[in-house]
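Visitor: I would like a quick tour of this model. Short questions, short answers, please.

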Amino acid sequence: MIEVIDLKKVFDNGFEALKSVNFTIEKGDLVCLLGPSGCGKSTILNLISGLLTPSAGDIRFAGNSVIETEPKDRNIGFVFQNYALYPHMTVEENIMFPLTVGAKKISKAEAKEIAKEYMALTNIEELKNKKPGTLSGGQQQRVAITRALVQKPEVLLLDEPLSNLDARLRLKIREEIRRLVKEVGITTIFVTHDQEEALSISDKIILLNEGIIQQDDDPQNLYLEPNNLFVAEFIGNPIINILPVEVKNGVMYYESMAIPVANFVSNRFKTDMPDGNYHLGIRPEDVLPADSGVFTTTVHGVELIGRERILNFEVGSKRMKSIVSIETGIEEGTVMSFDFAYHKAFIFNENGERIY
C-alpha cells in the first residue's frame, strides 16, 4: 500500500505545485494521476520516486515512511516519457543492465536468464540483439517497461509513457500495460493528461487541478458522479453541456427555456432549490430529440462517429451537442426540438461545487 499524507511541494521560485495532497493506493492496483498540464501529476511521481523532496507531508510504503530513503533503495521501477534507453546497448543488454549494477547486482548469466523470462512476458524476444535506434516507438516502449519490470519493483511509475506514440499504437500498448502489471501484480501509478487512456486502464483515477485533488474515485464514478464542475467538464468526450441558469420560485430559466425545478426530482435532486444562479450540466447523450421539447433549434453541424451522430447546435448564446443513433438520419439544417434526461442532470453552484 502507498499512502500520501498532506503532501506539499513549493519550488524555489515560490510556485506551489502541490497543496496538501492525500490519497491511498492499494497493493496491486493500477492508478492514474490525471489532469491538465501543470496540475502536479509528474511532481507527485517525482516525489514518490525520491527525485524530488517534499516541502511537507509524508509518503509511506506498507506503513513505513520513505521520505528519508534514497531513490535507489525505494524498490521502484520508473518508465520515463522518453524511454531513457542506452543507445550503445542491445535490447537484451538494456534489460540486463539494472540487474548487474549496484549493491544487489547478480551475475551476467543469471541476469540473462531473468531478462529472457521478462522479454517473453512482453513479447520482445526477437528484438534482443537490436539497438534502440533501430526500433519503433512502440518497441522502445516495451523495452523500457521490460527493463523496469525485470527489477521486480514493489511500485512501478509511468510518466506519460504513451505520449510519443500514434493513436492506434497507444491503444494497443495501454492494453498491454494493464495486462502486464496485473499479471505481475505490481502496484502501478500511471501519469497521463489523456482521459480516455485513464478511463480505459485504471482501477482508480486521481484527478488533479492546480495542485489539488478534485476527485479520487473509480473511473465510472468520475463520469457518473462528478464532485464539481471541473470534473464534469474534464471527464467525457464530447464535453458536457453547461448552461448558466437562474432559479426563481421553483422554475429554472435560461434564455427562452423555463423548466420547473420539479422536473429534476429523483434520488439525487430536491424540489427546494433556493433562488439564485447555477450551472446546469447535461451530457450530450442526455440531450434527447423530442416532438415537443424544452427548446427548438437548428442543427448547424453533424459529426459521424461510428454508430452515432453528434449534433451541434446553439441555444441562446451557448453551443451544445447531442448524441443520437446513426440511424436517425438527422442532417445539417434540420430544425428540431430537444428535451433533457432530467434524472441524469447535474447542478453546480456559481463556485462550481456540485449541489445536486
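Guide: One definition comes first: a helix is a DSSP run of H or I with at least four residues, numbered from the N terminus. Keep in mind that this is a predicted model.

Visitor: Which residue just after α1 takes a positive phi, and of about what value?
Guide: Helix α1 covers residues 41-49. The residue to look at comes just after α1. G50 has a positive phi there, of about 95°.

Visitor: Is helix α1 largely enclosed or open, and how many of its residues are buried?
Guide: Buried means under 20% relative accessible area. The buried residues of α1 include K41, N46 and S49, along with I44, L45, L47 and I48. Helix α1 is largely enclosed by the rest of the structure, because the buried residues number eight of nine.

Visitor: How many helices and strands does the protein chain have?
Guide: The C-alpha atoms of the chain fill a box of roughly 75 × 45 × 35 Å along the principal axes. In secondary structure, the protein chain has eight helices and 21 strands.

Visitor: What share of the residues in the protein chain is buried?
Guide: The accessible surface of the chain comes to about 17,100 Å², and carbon and sulfur atoms hold 46% of that surface. Of the 356 residues in the chain, the buried share is 48%.

Visitor: What is the strand order of the open sheet of six strands?
Guide: The pairing in this sheet is mixed. Its edge strands, each paired on one side only, are β6 (76-79) and β10 (212-217). From one strand to the next the twist averages 15°. The order runs β6-β7-β8-β3-β9-β10.

Visitor: Which residue in β7 does F78 stand opposite?
Guide: Strand β7 spans residues 155-159, and β6 pairs with β7 in the parallel sense over four bridges. Opposite F78 in β7 stands L157.

Visitor: What angle does the direction of helix α4 make with that of β6?
Guide: Helix α4 (residues 137-149) packs on the sheet and touches β6 and β7. Its direction and that of β6 make an angle of about 170°.

Visitor: And which strands does helix α5 touch where it packs on the sheet?
Guide: Helix α5 takes in residues 167-184, and its direction makes about 135° with that of β3. The strands in contact with α5 are β3 (30-34), β7 and β8 (187-192).

Visitor: Which residues have the most contacts inside the largest nonpolar core?
Guide: This core has 43 residues. Helix α3 (residues 108-121) gives the most to the core, with six residues. Setting aside residues up to four places away in sequence, L156 touches G77, V79, A148, L149, V181, I186, T187, T188 and I189. The residues with the most contacts inside the core are V91, I95, L156 and F190.

Visitor: How many residues are in the second, separate core?
Guide: This core includes V247, V324, F340 and A345. Its size is 30 residues.

Visitor: Is R174, which forms a salt bridge with E196, buried or exposed?
Guide: The closest N and O atoms of R174 and E196 are 3.3 Å apart. The pair links distant parts of the chain, from helix α5 to helix α6 (residues 195-201), 22 residues apart. E196 has 49% relative accessibility, so it counts as partly exposed. With a relative accessible area of 7%, R174 is buried.

Visitor: How many residues apart in sequence are the parts that E225 and R354 tie together?
Guide: E225 and R354 form a salt bridge, with the closest N and O atoms 2.9 Å apart. E225 lies in the loop between α7 (219-224) and α8 (229-234), and R354 in the segment after β21 (346-348), so the salt bridge ties together parts whose separation in residues is 129.

Visitor: Which strands hold E303 and K321?
Guide: E303 forms a salt bridge with K321, and their closest N and O atoms are 3.0 Å apart. The two residues are 18 residues apart and lie in strands β17 (residues 301-305) and β19 (residues 318-325).

Visitor: How many salt bridges does the count come to?
Guide: The cut-off is 4 Å between a side-chain nitrogen of Lys or Arg and a carboxyl oxygen of Asp or Glu. By this rule the count of salt bridges is 14.

Methods: Residues numbered from 1 in each chain as written. Predicted model: local features only at pLDDT ≥ 70, side-chain atom pairs only at ≥ 80, totals over all residues. Heavy atoms only, no water. Pairing = 2+ DSSP bridges. Axes fitted to C-alpha atoms, helices over the stretch in contact; angles between N-to-C directions. Contact = heavy atoms within 4.5 Å. Buried < 20%, exposed > 50% of the residue type's maximum accessible area, 1.4 Å probe, protein only. Core = buried A, V, L, I, M, F, W, Y, C linked by side-chain atoms within 4.5 Å. Areas by Shrake-Rupley, 256 points an atom, 1.4 Å probe, with all protein chains shown as cover.
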